[in-house]
Structure formats: C-alpha cells, structure tokens
Amino acid sequence: MAVETENLKFLVGPKTVLDHLPENPLDDLEGEIIGFIDGAEKSLEIAIQEIDNPNIANAIIRAKKRGISVRVVSEADYLSVKEPAEDPHATDLSVENEVNRQLHAAMLRSKVWVRTDFNPRIFHQKFIIRDGNAVLTGSTNFTETGTHKNLNHLLIIKNEEVAEIFEREFREIKRGRFGRYSVDEDDAENTPKEVVVDDIRVKVCFAPDHAPEMEVTKQMTKAKDRVDFAIFTFSKSSGIDDAMLLLMEAGRRVRGAIDARQGGQEWAATKPLANAGADLHFVHGSSKLGKLHHKLMVIDDSIMIIGSFNYTGPANRFNDENIVVLGDSLKPTENQKRFAMAARQEIDRIISDHGRPIRVS
C-alpha cells in the first residue's frame, strides 16, 4: 500500500490486521518505525505520546548504545498510577501502564535523555527527527495496539527544511513550553512554512501555535467536488463540522469513517453531519481490529491532511499536536495526486471492510 517518491513515503496499517490475506495491502508500521530509528547516524529527537512497544523501545536503546544522540519526550500520564501501589517495588505487568514505566526505566538506565510533558491537557505529538534531515510522523503511537491493532498511518519526509520546522517545535518542547504555554504571539517566525519536496507542497502546522483547525477548514473550502476522511475523534466543538455542513449546502460531497466508540458520543459531530446528508460509516473494534485511529483527510482526491490532530476544540486550543498538508489546489502535481489517491484508497478500504452506514433521524 505504501506510496513513495525519492524523499516522501506514506504508509497505512497495521499489516497484522490483515495477516490472513495472501495479498495484504497494509504496511508494517512497527518495522518502518524501527527501520527509521536504526537508520540514524547522528541524532534522534522523539516526541511521542506513548511508548509501550518493547521492540521500538529497544531500537531507541540500540541507537544510544551505538553513540547516537537520543532525546525522548512523552506524555506523563502514561507513567503515573491512579492509586498508590501497596508494594511500590513490585512489578506487575497486569497493572495499567506498567509496561510503559518499565520501558521508560530501561531507557533511563541506558542513559537515554528522557523527559515527560507538563501539559495539563494532552501531549499528543507523534514524530521523530533523524539526523536533522528526515522526519517520521503520522497518527501512530509507539505502542503494541498502535502498531498492530489500530488503523493508523505514517509519513516519512527526507528534507532538511522540513526537519528544521519539526526541530523548532522540539526545541520548544525541550524548554518546557507545552500546549497553550508554547504560543508566543510576538514570535515573528511562528508562521507555518511551506516547503516543496519532490514537487509536492508540504505545510506543517502545530497546535496550539498555528491553530490547525483553521488550516483544515481553509483547505476544505477549496473543495470543488468532495471531502473524504477517516478520524478517531470528531466533536461538535471543532468547527470542522460546520465547514462540512457549509460544503454540503454548496453541493460538495462529504464522506467519512468514524471510530464507533467516539462517534457515538453525544458531543460528537456524527448526528448533525449525517442528518445533513454526509455519507458516514462507523468502524467498530473487534478481537483483531482495535480502533480507527487515523486523522486523515483527502480533498478532491488531490490534497491530503495527515498527522496527530483529532477534530476537536481542545486539540486545537490546548493539546500538543501536528498536521501535515500535502498538495496545492492551484497547481496539483501528479505526485501529489498519487499520494492523495493512496490516502483515499485507504478510506475506501476502511469503509468497505469495516464500515457500517450511520443512520440517524
């Protein structure tokens, strides 16, 4: 399923969800993450919500052992406990987040520079900067479920300018500037930059600095025909649902896959959109399939928006997030169309294989 050019690669997975098929269209997300880490020659800067995948943690430790400069920042909540343990020295892997704590300790014992966030909301970043010239990002957490059960994507970009954009964000994170405390209204360099990679326009936005919701709605207003999406969380507080309602009034088609557990909540945008005529489908988890965890949008089969950003108000205003926009509506290239069609095919596949039409009144 992977689509790539010399310096860009887009992958969807996890492969293990469809291991029963002889022609599996999905990608090995764990293997791609490990391969990216193993390819480091000088440095790795990792901003990730959660790590509970031992193979990925071991790849990080291997990098440190071979002399790579490694820095890791993750979400503090996955290292805490709800109630004090009776024996705080005991190890019980059945306890929630115990694997996270063990892997965190293993990295510390390997002298990996590891820190956790002080964001009272959610540190939701998912990116690695390698050697100052390549970035891996997307919707995939470095977890067993993220790499083997949840529907996710990855994007790899080999470009120094793009790496510097992510480096700037990582420098903020290292200084302890999280969530809304990272916004500097007097910072003249805080405007999102655009870079051309293999004739595809790449634009990176971080939340809350750049209000990604505004960028998503701006791209959607350019739609001449349709908007397709696959999303984990989509709330009525996002404003993206309002933009979709306006698009449908203007005759554009809106079609999407939504995780059933999140989409069935009262605060979700599901009912208003479905009542207005959006072609929506719930995706239910199973023993093999975890969650629909994508944050994926395709506009007119030409522009795609990926990243860690769920369509919610808090994600826009308080969380640490990112989106990457690939493509230019005014000058679409053949390469950008190939990437957009790969994302669109993943949305089609999800709806065909796992979707249930949403009927509301």
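This is a guided tour of a predicted model, one selection at a time.

Local features are taken at pLDDT of at least 70 and side-chain atom pairs at pLDDT 80 or more, while totals for chains, interfaces and linings use all residues. Residues are numbered from 1 along each chain as its sequence is written, and side-chain values use heavy atoms, leaving out hydrogens and water.

**Stop 1: the open sheet**

Select strand 9 (194-197) and strand 17 (355-357), the edge strands of an open sheet, each of which pairs on one side only. Strands here are DSSP runs of E with at least two residues, helices are DSSP runs of H or I with at least four residues, and both are numbered from the N terminus. Two strands pair if DSSP finds at least two bridges between them. The sheet has 9 strands in the order 9-10-16-15-14-11-12-13-17, and the pairing is mixed. On average, neighbouring strands of this sheet are turned by 20° against each other, with direction ignored.

Now select helix 5 (residues 160-174), which packs on the sheet and touches strand 9, strand 10 (200-207) and strand 16 (321-326). Contact means heavy atoms within 4.5 Å. The direction of helix 5 makes about 0° with that of strand 10. Angles run from 0 to 180 degrees between N-to-C directions, and axes are lines fitted to C-alpha atoms, for helices over the stretch in contact.

Within the sheet, select residues 253-259 and 279-283. These are strand 12 and strand 13, which pair in the parallel sense over 5 bridges. To see one bridge, pick A257, whose partner in strand 13 is H281.

**Stop 2: D320**

Go to the loop between helix 10 (313-317) and strand 16, where D320 is found. Is D320 buried or exposed? D320 is buried, with a relative accessible area of 0%. Buried means under 20% relative accessible area, exposed means over 50%, and partly exposed is in between, using a 1.4 Å probe and protein chains only. Show the side chains of D320 and N119: they make a polar contact at 2.8 Å. A polar contact is a pair of N or O atoms within 3.5 Å; within protein, one must be able to donate a hydrogen and the other to accept it, and residues adjacent in sequence count only if both atoms are side-chain atoms.

**Stop 3: strand 8 and its partners**

Select residues 152-158. This is strand 8, and 6 of its 7 residues are buried, so strand 8 is largely enclosed by the rest of the structure. Add strand 2 (residues 8-13), which runs antiparallel to strand 8 and is joined to it by 6 bridges. F10 has L155 in strand 8 as its bridge partner. Then add strand 7 (residues 134-138), which pairs with strand 8 in the antiparallel sense over 5 bridges. Here V135 has I157 in strand 8 as its bridge partner.

**Stop 4: P14**

P14 lies in the loop between strand 2 and helix 1. P14 counts as buried, at 0% relative accessibility. Leaving out residues up to four places away in sequence, P14 touches L26, D27, L29, T147, H148, K149, N150 and L151.

**Stop 5: helices 1, 2 and 3**

Two packed helices are described by the angle between their axes and the distance between the axes. Select helix 1 (residues 29-38) and helix 2 (residues 54-65), which pack at an angle of about 5° with their axes 9 Å apart. That makes helix 1 roughly parallel to helix 2. Angles under 35 degrees count as roughly parallel, over 145 as roughly antiparallel, 65 to 115 as roughly perpendicular and the rest as oblique. The contact is made by E30, I33, I34, I37 and D38 of helix 1 with N55, I56, A59, I60, R62 and A63 of helix 2. These residues divide into 7 nonpolar, 1 polar and 3 charged. Ala, Val, Leu, Ile, Met, Phe, Trp, Tyr, Cys and Pro count as nonpolar, Asp, Glu, Lys and Arg as charged, and the others, Gly among them, as polar.

Next add helix 3 (residues 98-109). The axes of helix 2 and helix 3 come within 10 Å and cross at roughly 10°, which makes helix 2 roughly parallel to helix 3. P54, A57, I60 and I61 of helix 2 meet L103, A106 and M107 of helix 3. By class, this contact has 7 nonpolar, no polar and no charged residues.
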